[in-house]
Amino acid sequence: MDNPLFGTAHMLYEVDKKLMVLLHDGRTLIGYLRSVDQFANLVLHRTIERIHVGKEYGDIQRGVVIIRGENVVLLGEIDREKESELPLREISVDDILDAQRREQEARQEKHRLVAKALKERGLNMNSDLAQDEF
């Protein structure tokens with residue numbers, strides 16, 4: 001089917017479909033698209049925030065969510081048939097949040113060790129810039 005709509009208007013064909021949205025801050029939201037405007041601002045209904053750590057994930061219920069278009073990195077329709085075949089194991093929200101915290105602490109420790117090793121070699125890195133790389 002040839003689509004006569006361009007740009008953001010093309011997203012009107014996605015209304016009422018289950019979408020996954022990846023945000024600039026790294027969060028993943030999954031919900032039903034209910035509305036979109038000319039700025040690609042989205043309204044998702046029955047939304048969950050999915051947190052992945054390794055081969056495990058947990059879902060946090062978020063309900064109705066409004067997302068500014070400028071915060072969207074990636075958006076795509078969920079294939080319902082393949083969704084049930086994911087090679088991931090669902091765990092409780094408390095367990096996934098704990099795993100996420102441990103993963104972030106490990107990443108920060110790795111960053112600290114790299115920064116220390118570089119400093120010992122006479123290289124001083126801006127901590128905000130270096131942290132984004134690890």
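Buried residues account for 26% of the 134 residues in this protein. The model is a predicted one. The protein exposes about 9500 Å², of which carbon and sulfur atoms supply 51%.

**Overall architecture**

Three helices and six strands constitute the secondary structure of the protein. Along the sequence these elements follow the pattern β-β-β-β-β-α-β-α-α. Among contacts between residues at least 6 apart in sequence, 46% join residues at least 24 apart.

**Strand pairing**

Strand 4 pairs with strand 3 and is also joined to strand 6. The table sets out these two pairings.

| Strands | Sense | Bridges |
|---|---|---|
| Strand 3 and strand 4 | antiparallel | ten bridges |
| Strand 4 and strand 6 (residues 89-90) | parallel | two bridges |

In the antiparallel pairing, arginine 50 has aspartate 59 of strand 4 as its bridge partner. Strand 3 and strand 4 also form a hairpin, with two residues between them. Glycine 54 lies in the turn of this hairpin and has a positive phi of about 60°. Towards strand 6, glutamate 56 stands opposite arginine 89.

**Nonpolar cores**

In soluble globular proteins, nonpolar side chains tend to be buried together. The largest nonpolar core of this model comprises eleven residues: Met11, Leu19, Val21, Leu23, Leu29, Leu33, Val36, Leu42, Leu44, Val65 and Ile67. At least two residues of this core come from each of strand 1 (18-23), strand 2 (28-36), strand 3 (42-53) and strand 4 (56-67). Another core, of six residues, lies apart from the largest one; Ile51, Ile91, Ile96 and Ala99 are among its members.

**Threonine 28**

One residue of strand 2 may be considered individually. Threonine 28 is found in this strand. Its relative accessible area is 13%, and threonine 28 therefore counts as buried, the cut-off being under 20%. When neighbours within four places in sequence are left aside, threonine 28 is in contact with Met20, Val21, Leu22, Ile48, Glu49 and Arg50. Two of these contacts also appear elsewhere in this account: Val21 belongs to the largest nonpolar core, and arginine 50 is the bridge partner of aspartate 59.

Conventions: Residues are numbered from 1 along each chain as its sequence is written. This is a predicted model: local features need pLDDT of at least 70, side-chain atom pairs count only at pLDDT 80 or more; totals for chains, interfaces and linings use all residues. Side-chain values use heavy atoms; hydrogens and water are left out. A nonpolar core is a set of buried Ala, Val, Leu, Ile, Met, Phe, Trp, Tyr and Cys residues joined through side-chain atoms within 4.5 Å. Buried means under 20% relative accessible area, exposed over 50%, partly exposed in between (1.4 Å probe, protein chains only). Helices (H or I, at least four residues) and strands (E, at least two) are DSSP runs, numbered from the N terminus. Contact means heavy atoms within 4.5 Å. Accessible areas come from the Shrake-Rupley method with a 1.4 Å probe; for residues, only the protein chains shown count as cover. Two strands pair if DSSP finds at least two bridges between them.
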